[in-house]
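Please keep the model open while you read this note. Each point picks one part to look at.

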Amino acid sequence: MSSFGRWRKRGGPRRDRQRKASAPYASVAGWNERVTTSASKRTTRFTNSRRAARVLRAKNRAAQVADPNARPRRSRGQRFRRLVLALFIIFVVVPSVLFVLAYWSAEIPDPDSMQTNQIATILASDGTTVVAKVIPPEGNRIPVPLSDVPQQVRNAVLSAEDRNFYTNPGYSTSGFLRAARDNLLGRDDAGGGSTITQQYVKNAFLGSERTPTRKMRELVIAAKMARQWSKDDILAAYLNTIYYGRGTYGIEAAAKAYFDKPVPSLSLAEGAVLAAVVRSPSILAPETHLTELKDRWKYVLNGMVEMGVLAPGDRDATAFPSIIPLTALPDENVARGPEGLIRAQVVRELRDSGISEQELNSGALQITSTIDARAQQSAVSAVHDRLDPQPPQLRSAVVSIDPRSGAVRAYYGGNDGLGFDFAQAPLQTGSAFKVFAVIAALQQNIPLSRTFDSSPVVDRGTTITNVDGESCGNCSIAEALKRSLNTSFYRLTTSMFDGPQAIADAAHQAGIPEHIPGVAGITLTEDGAPPYNGIVLGQYQVRPIDMASAYATIANSGVYHQPYFVQRVVTGDGRVLLDRGAPEERVGKQLPPGQHRIPAAIADKTTQAMTPIAGYSNGHNLSEGRPSAAKTGTTQLGETQQNKDAWTIGFTPSLSTAVWIGTEQPQPIHTARGGDIYGSGLPADIWKQTMDGALEGSPVEQFAGTPTAPEVGKPSGGPYDILNPPKSPPPPQAPVIVIPPAPATTAPAPAPAPPPAPPAPEPPAPPAPPPPPTQIEIFPGLSIPVPG
């Protein structure tokens, strides 16, 4: 075999192919060798790469065998591909998914269902007389249809805010990205670039919070709204809700505030002014930045020319309009007179009744109050007629309440509707509080015929006297009440079982609340401890509305009704939110039913004791011979012996009225002639004028039938008046109690007065004979045994 054949056998086909690829001559082989060498290098690198991969896989397998939990090492290419995928998911997939979810979940209401802020009107009890209006915090928004807005006014708004409104998808991507950038960088001027749709979404749904999240939500809702609403519906909603400055929301209110005309009457120039101020109402206010406003106004008109909706000649012929001064605007948003304080009480009660802020601000509510137009006018007129000629520092409060329902019929807390409400002010009541001592005494079976010494009293180093040294010697409780004798009632308080607390309890039963705003702790207490004896002289603070309410309980034979101001509430579309009328018509949260807190016999006896007082107090009987029960009160300014508060409180069966006169800061109260003011003076004048005016033309009512009151100043001679027995024996069912003489040695030491006992009806049914011996009280603090 030749050598060539042997080579082929040794080398095989592979070497043969390699050999054929080689050049047969050295001079040519150089070029071919270089090419072969380069290819070999590439092959070597590829082979090395594959070898490295095999080695890496082998190492990974070995590592997994050694540690099954070990993660295999990734190549550089794998890591790069994973990074790109993660960035794609974070910046593309996730935002897209979130956008789709937000778009799908966003609820866009129907244009007709959108509510705008509207005035709530408070009416008197007659349902027609307007007492006050409640303006929403963001002003009154009176919606007008888009057809009422002149076309040139609409074009001016588009020129100022969104020139591509009718062609854009409801949002501006560039504006969104710019706002997101500015918010992330924390720039103060972040925002801008929003379409009209976005602006409406922000104002109606989202608020003005400057965050990327809020901007994203705005974008989503605007995109969906642009697909569901027509462009005209969006523009109409925008024009009716946007803020135009001067406290106005909506184009109708703005037209009134700037030009005192309705929207259909706006000219091109006037519409351009309203469009100009939308961007920055405070910065472009005409009274402070007129030059800047005119520049913005020109920008709006020039934009209309660029939009092709205004001819250049018409633009040049348009002059800046005249804007009415801010000081010439009628202030309909604020009730500055006495009605403003009524409005505050009505709004408070609406909230307590469960009517929401949204319903109050957007429901165009018609609120029928309990205020009687005639009674209210009588109270306001009486205050002005009597106090206007007096020193200017004098203040007054008048509250009238219907005893049978608790409805507030007249309310005057001051002449400043935005100022302090004196009808809600905690004040000392003076002798007007003695009425509750009468109730407490009757509850302890102490008759009004019981007599007490009216000379001065010394208690704990303090001398109690009567006004101007008034005295009746020894006289009955009824006479002492008529004359308002401090000393007699002070002795009555000390003679009763736990007298001060008994008086406080009687006052609370009548309607004085246990907690009063502005008074710490429980009322009628000494910082939570039992009250002092001075409670009978009115040393503790009570509000005028509470005194009117407590006296109303007495007028209603002891049945208490919570005072209230709101009778009925109806929305603009006719829905009844609250009705406190007949039981079959009631809607919403109702007041608690009347509570019989004081026995009718005791309340009626108290009323009878109060009936002579109005006439006795400088002749203040009501006109037409109308029966009334009243009490006056006066408090002193410290140790000055000068007066600081003066009261008259009284009632008929249908109306209870409390009147207070004082000052804002504690100081003496005097008339224009320098005389001291007492409860029987100016307060009684206001009380009589208010009551006469409110009740004029109404039936003259009598108080509930009770036994005739004893003649003032004389003992009653009733069966329980042991010190003054009756001149003739009582009926057989009420036998006379005979007290036999007892030796002095058998008389026990003075014992404390017995605890309060339930009042007995008149005439009382005799109780079952108690086992002997029985204790009979012969005068306060002294009892003797009587054989059974």
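The points below go from the whole chain to single elements.

1. **The whole chain.** This is a predicted model. The protein chain has 788 residues, and 44% of them are buried. Its secondary structure comes to 23 helices and 22 strands. The exposed surface is about 40,100 Å². Carbon and sulfur atoms supply 55% of that surface.

2. **Contacts along the sequence.** Take the contacts in the protein chain with a separation of 6 or more. Of these, 69% join residues 24 or more positions apart.

3. **A five-stranded sheet.** Look for an open sheet with the strand order 7-6-20-19-18. Its pairing is antiparallel. Which strands are the edge strands? They are strand 7 (408–412) and strand 18 (629–636), and each pairs on one side only. On average, neighbouring strands of this sheet are turned by 10° against each other, direction ignored. As background, strands of a sheet pair through backbone hydrogen bonds, either parallel or antiparallel.

4. **One strand pair inside that sheet.** Strand 19 covers residues 643–652, and strand 20 covers residues 655–663. The two run antiparallel and are joined by seven bridges. To find one position, start at A646: it stands opposite I661 in strand 20.

5. **Helices on the sheet.** Helix 15 (residues 373–387) packs on the sheet. It touches strand 6 (394–401), strand 7 and strand 20. The direction of helix 15 makes about 30° with that of strand 7. Helix 21 (residues 600–610) also packs on the sheet, where it touches strand 18 and strand 19. The direction of helix 21 makes about 70° with that of strand 18.

6. **Helix 21, buried or exposed?** Eight of its 11 residues are buried, so helix 21 is largely enclosed by the rest of the structure. The buried residues include I602, A603, D604 and M610. T606, T607, Q608 and A609 are buried too. What do these residues pack against? Among the partners are helix 16 (434–443), helix 17 (477–483) and helix 20 (544–555). Helix 22 (613–616) is another partner, as are strand 18 and strand 19.

7. **A helix pair.** Two packed helices are described by the angle between their axes and the distance between the axes. Helix 15 and helix 23 (residues 682–695) pack at an angle of about 150°. Their axes are 8 Å apart. An angle over 145 degrees counts as roughly antiparallel, and helix 15 and helix 23 are therefore roughly antiparallel to each other. Their crossing is right-handed. On the helix 15 side, the residues that meet helix 23 include R374, A375, S378 and A382. On the helix 23 side, they include L682, D685, I686 and Q689.

8. **A hairpin.** Strand 1 (residues 120–123) and strand 2 (residues 130–134) pair in the antiparallel sense over four bridges. I122 has A132 in strand 2 as its bridge partner. The two strands form a hairpin, with six residues between them. In the turn, G127 has a positive phi of about 80°.

9. **One exposed residue.** D316 lies in helix 12 (residues 312–317). Why is D316 called exposed? Its relative accessible area is 63%, and exposed means over 50%. D316 and N302 are 14 residues apart in sequence. In space they are 9.7 Å apart, C-alpha to C-alpha.

How values were computed:
Residues numbered from 1 in each chain as written. Predicted model: local features only at pLDDT ≥ 70, side-chain atom pairs only at ≥ 80, totals over all residues. Heavy atoms only, no water. Buried < 20%, exposed > 50% of the residue type's maximum accessible area, 1.4 Å probe, protein only. Contact = heavy atoms within 4.5 Å. Areas by Shrake-Rupley, 256 points an atom, 1.4 Å probe, with all protein chains shown as cover. Pairing = 2+ DSSP bridges. Axes fitted to C-alpha atoms, helices over the stretch in contact; angles between N-to-C directions. Parallel < 35°, antiparallel > 145°, perpendicular 65-115°, else oblique. Left-handed = near helix turned anticlockwise from the far one by under 90°.
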